[in-house]
Amino acid sequence: MVTGFAQMARGSKRGDDSKKKSVNGVVGLNNLGNTCFMNSSIQCLSNTIPLTDYFLNHDYKHEINKNNEFGTGGALVLAYAELMKEAWLGSRSVVSPKDFKRKLARFAPRFAGTRQHDAQEFLSFLLDGIHEDLNLVIKKPYIEDIEGDGTNDEKVSMKSWQNYLMRNKSIIVDIFQGQLKCTLKCKVCSNLVVKFDPFMYLSLPLSNETKTLDDCLKLFCEEESLTGDNQWYCPKCKKTCGCNYAHGFVDFTSYFDSSSQEVQTGFKVWSLFEEQTTYTSQIKGLGLGYICFSTNFVITCL
Ligand SMILES: [Zn+2]
């Protein structure tokens, strides 16, 4: 049996079509038991063009961090790269991820058998593994979390991202990771605590009214009241009390400033505590990612 979004999209017929010429990654992946969770995840990643382009057209091998204790010494990323080359540069329209799965299981034995697994769990392991195998940071420094008070968002956001990049720097960060603004507001003294956290996945809420991804993202950003067991200890009024909590997406953008002839970084936050706020930063060279959430929640490549 062959699975694959691209394969299904072009309406493949049953039978052995493995000898037909492949067209730029339009390939099926053999199901190795119950590996739909793995194959569907790989198809999504394979069609994430900036990542596949990186493996097909760039010298990724010199970025492999063989001594990272959190990685696999490069084994996982090499296995994934080989699979991508077979899918995109090979001549078969059906490829087998058997070798990739065997190598994967060496580092994650839970994926060794033919049982079903959660696709998100697999994707999380794979992206984390590729990130650590390609992490350009050789020695991760200890860095304390920082937080702001709502008056210095731009500075705290940029500093938080700089701190994160001091421990994590890879193509996975560039493509898949962003920054969330998390705001807590004390209901007793109105103290505001703002933190900027990196994220790679979002668990989005659903309701009877949510019909599109935009609806889910807007619901995710809605202010909520934390009470009961979720009450918060306010460091200002020294009370454990209810608070309002909200998320916002940070949108980094880069543009060329003709007056200074330099690349500058812009900064926007979308949240419900405030209308869209736009800042312009003089901080340069942050190496910010390709993918951000724009204010209307369309994913944009910068
Ligand atoms: Zn307070």
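Hi everyone. Let me start with a convention: an angle between 65 and 115 degrees counts as roughly perpendicular. Keep that in mind for a pair of helices I'll come to shortly. What you see here is a predicted model.

First, the overall picture. The chain has 302 residues, and 27% of them are buried. There are 9 helices and 13 strands. If you take contacts between residues at least 6 apart in sequence, 64% of those join residues at least 24 apart.

Now for the helix pair. How are α3 and α4 arranged relative to each other? Helix α3 covers residues 49-57 and helix α4 covers residues 75-89, and they pack at an angle of about 95°. That angle lies within the 65 to 115 range, so α3 and α4 are roughly perpendicular. Their axes are 10 Å apart.

Which residues make this contact? From α3 we have Thr-52, Phe-55 and Leu-56, while α4 brings Ala-81, Met-84, Lys-85, Trp-88 and Leu-89. By character, the contact has 6 nonpolar residues, 1 polar and 1 charged.

Let's stay with α4 for a moment. With 15 residues at 1.5 Å a residue, α4 should span 21 Å, and its end C-alpha atoms are indeed 21 Å apart, so the two agree. Its buried residues are Leu-76, Val-77, Ala-79, Tyr-80, Ala-81, Leu-83, Met-84 and Ala-87. Two of these, Ala-81 and Met-84, are also part of the contact with α3. And what do the buried residues of α4 pack against? Besides α3, they pack against α2 (36-46), β3 (94-95), α5 (98-107) and α6 (119-133).

Last stop, a hairpin further along. Strand β4, residues 178-186, pairs with strand β5, residues 192-199. In which sense do they pair? The pairing is antiparallel, over 8 bridges. You can follow it on the screen: Gln-179 stands opposite Pro-198 in β5, and Lys-185 has Leu-192 as its bridge partner. Between the two strands of the hairpin there are 5 residues, and in that turn Ser-190 has a positive phi of about 65°.

That's my tour, thanks for listening!

How values were computed: Residues numbered from 1 in each chain as written. Predicted model: local features only at pLDDT ≥ 70, side-chain atom pairs only at ≥ 80, totals over all residues. Pairing = 2+ DSSP bridges. Helix = DSSP H or I, 4+ residues; strand = E, 2+ residues; numbered from the N terminus. Buried ≥ 20, exposed ≤ 12 C-beta atoms within 10 Å, placed from the backbone. Contact = placed C-beta atoms within 7 Å. Axes fitted to C-alpha atoms, helices over the stretch in contact; angles between N-to-C directions. Parallel < 35°, antiparallel > 145°, perpendicular 65-115°, else oblique. Nonpolar A, V, L, I, M, F, W, Y, C, P; charged D, E, K, R; others polar. Expected span 1.5 Å × (residues − 1).
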